[in-house]
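Please open the structure in your viewer and keep the selection tool at hand. We will move from one selection to the next, pausing at each stop to describe what is there.

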Amino acid sequence: MRHTAALPALVLLAALAAGSCSRPSERAQGTTIGVSLLTRGHMFYRDLEEGLRSAAEERKYTLIISAAEFDLGKQTAQIEDFVARKVDAIILSPVDSRGVGPAIRKANAAGIPVFTADIAAQEGDVVSHVASDNRGGGRLAAETIARFLDGRGTVAIINQPAITSVLDRVEGFREGLAEYPGITVIADVNGQGVRDKAMAAAADVLQAHPDLGGVFGINDDSALGALDAARQFGRGRLVIVGYDANPSAVDAIRRGTQLRADVVQFPKVIGSKTIEVIALHFAGSAPPAVVPVEVAVVDSVSLSRQRTD
Amino acid sequence: MGGSTHGTSRRLPPETGIAAGLLAELVAFSLLSPHFLTGENILNVTLQISITAIIAAGMTFVILTGGIDLSVGSLLAFVGVTVAGMAKLPLPPAAATALALAAGLVLGALSGAFAGTLITRFRITPFIVTLALMTVWRGLAFIVTGGRPVWDLPEAFSVMGNGRFAGVPIPTLLMVATFALSWVVLERTRFGRHVLAVGGNAAAARLAGIPTGRVLVSVYALCGGLTALSGVLLASRLNSGQPNAGLMYELDVIAAVVVGGTSLNGGRGSVTGTFIGAMLIGVLRNGLNLLNVDSYVQQVVVGVVILAAVMADRLRRRD
């Protein structure tokens, strides 16, 4: 009886020993920064995390990296843990730009500076926001799709609403299309930003619109989901433009699939710039409230140019 | 509930093993992290587990009858967005908040009673009924909000989830009150005895004249009502109604109940065990975060500890 009661305790201690070996010890004195990412399941965030890690390593900052996995309750708890632990700064990619407000205010009340990366917060005091120019990226996507469609036809958006960066992208995309009166947006569906859901949503759109000209996927999973659906429906002439330029998307562009072009962001730069901005703040100077990180377009032409360079 | 007169080891309450596990966690984390054993952090842990723990109190009754409720995470979201919408009614903020709270609790209890009625009237297994309702409530949460969070709630609404009374977070106080009341209901009332009897042997309970149908509807209504209370608290804590809140919460809730020693076959278990189970999982998550353990590793550790706790319980009962 006594020995069975001790079993969970033993397992726990073993697990803790294993867990604490896998990360540098928190006892290293110095600057500690708590990070709550939107997710660790996307390529983009893995790159952003890498940018954070390498820049933090250079400056000997300790990072505590956690991910909310799209659950605002979980993110709130992570921020509360950082406040209880009295970290020196917090980096967030909010699950919901406004819903994260109460948690940010708790950090504000504790005097811990808050920075956002990729996704902005609309409530609470944030020192600085580092992100791609998403509106500009959306406009680039619109110009690109219009170029491939020769300024005529119908397009659908595989969307993921309620995330500011995506809202900005889609707003920029619609703004950009406004300059091409020959192109109309006939569908705007929620693919939830993941490939399987995006494929189902895109399949429904293709089913409903046999003459659809183009698709804008708000990230690569959305664009690749649309590509899966286009294959299933045998729509060889569909023009898909994605966002993020992950390796699998770049590969699809290179192979000459319906995914013709991608807006490319530089998540590693977002990560490293965020750390630089924090260093500026620690040094006593006031960093700008918004730090934009440039975006670009890749298509088969730019990819082959890259190769020959 | 008379004490047994067998050997001394039999006199230990059934929660001893899991309580020892929790104690081991507390000692281990106190030694490993200087940030763990502070009053503020312990309050922080109780605040964080309050949402799932309150639901777990209700789930304990459901599982004691041999049932299960998979719909709690979705119901939490549906109630949360409904309540958030009501809090924005053009009334004085305090009145709107009170009205929203009352309506939310009624909505939750009615939803639970609906599930209970489907289970008893049509003899569909609880697993299927609540699995179906899980997607129904989630869908309704998206329908009433159009898929977007409900924002701009009055300041008065955020007090329940973010305020403190005598230095203790209000959700923590509500959680303690919920467990105290649940303990009284289960251990000291006729209804509590009926719940245990129905879970132990439904046929025998019916022969003994216990209204099994009414007992079942009541436990699902109770679970729904407590889920609604958590839904209101979460919406208040986040100062918004999130249609995708509570994803997979049913698993956290069921884990707390099972780690607490309540049998999934019904008839045996306690709310005290559930409370300790919820604390054990909450302390583990918090401690691993404070120790900067990688989030991938954390998921494995939490799963292993749940398994270990249930295994230890199983071994003890075989002794």
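**Start with confidence**

Begin by selecting residues 1-5 of chain A, where the pLDDT stays under 50 and for which the model has 11 contacts beyond four places in sequence. Select next residues 18-28 of chain A, a stretch whose pLDDT is also below 50 and which has 19 contacts in the model beyond near neighbours in sequence. What you have open is a predicted model, and if you colour chain A by pLDDT you will be looking at an average of 88, with 90% of the residues scoring at least 70. Confidence in chain A is lowest in helix α1 (residues 2-5), which has a mean of 47, while it is highest in β3(A), at 98.

**The two domains of chain A**

Now give two colours to chain A, one for domain 1 (29-126) and another for domain 2, which is made up of 134-266 + 299-308. If you mark the C-alpha centre of each of these two domains of chain A, you will find that the centres lie 30 Å apart. Where the domains meet, 7 residues of domain 1 of chain A are in contact with 6 residues of domain 2 of chain A. On the side of domain 1 of chain A that touches domain 2, the residues divide into 4 nonpolar, 1 polar and 2 charged.

**The sheet and a helix across it**

Select the strands of chain A in the order β2-β1-β3-β4-β5-β11, and you will have an open sheet of 6 strands with parallel pairing. At its edges are β2 (62-67) and β11 (290-293) of chain A, each of which pairs on one side only. Neighbouring strands of this sheet are turned against each other by 15° on average, with direction ignored.

Zoom in on β4 (residues 114-117) and β5 (residues 128-132) of chain A, which pair in the parallel sense over 3 bridges. Show Thr116(A) here, and you will see that this residue stands opposite His129(A) in β5(A). Then add helix α11 (residues 267-282) of chain A, which lies across β1 (32-37), β3 (89-92), β4, β5 and β11 of chain A and runs at about 165° to β5(A).

**On to chain B**

Finally, hide chain A and select chain B, in which there are 14 helices and 2 strands. Along its principal axes, the C-alpha trace of chain B spans about 65 × 55 × 35 Å. How does the radius of gyration of chain B stand against that of a compact globule with 319 residues? Such a globule would have a radius of gyration near 20 Å, and because chain B has 20 Å, the two agree.

How values were computed:
Residues are numbered from 1 along each chain as its sequence is written. Chains are lettered from A and ligands numbered from 1 in the order in which they are written. This is a predicted model: local features need pLDDT of at least 70, side-chain atom pairs count only at pLDDT 80 or more; totals for chains, interfaces and linings use all residues. Domain bounds come from an automatic or database domain assignment. Two residues are in contact if their C-beta atoms, placed from the backbone, lie within 7 Å. Ala, Val, Leu, Ile, Met, Phe, Trp, Tyr, Cys and Pro count as nonpolar, Asp, Glu, Lys and Arg as charged, and the others, Gly among them, as polar. Two strands pair if DSSP finds at least two bridges between them. Helices (H or I, at least four residues) and strands (E, at least two) are DSSP runs, numbered from the N terminus. Axes are lines fitted to C-alpha atoms, for helices over the stretch in contact, and angles run from 0 to 180 degrees between N-to-C directions. pLDDT is the predictor's confidence in each residue, from 0 to 100. The radius of gyration is taken over C-alpha atoms; the globule rule is 2.2 Å times the number of residues to the power 0.38.
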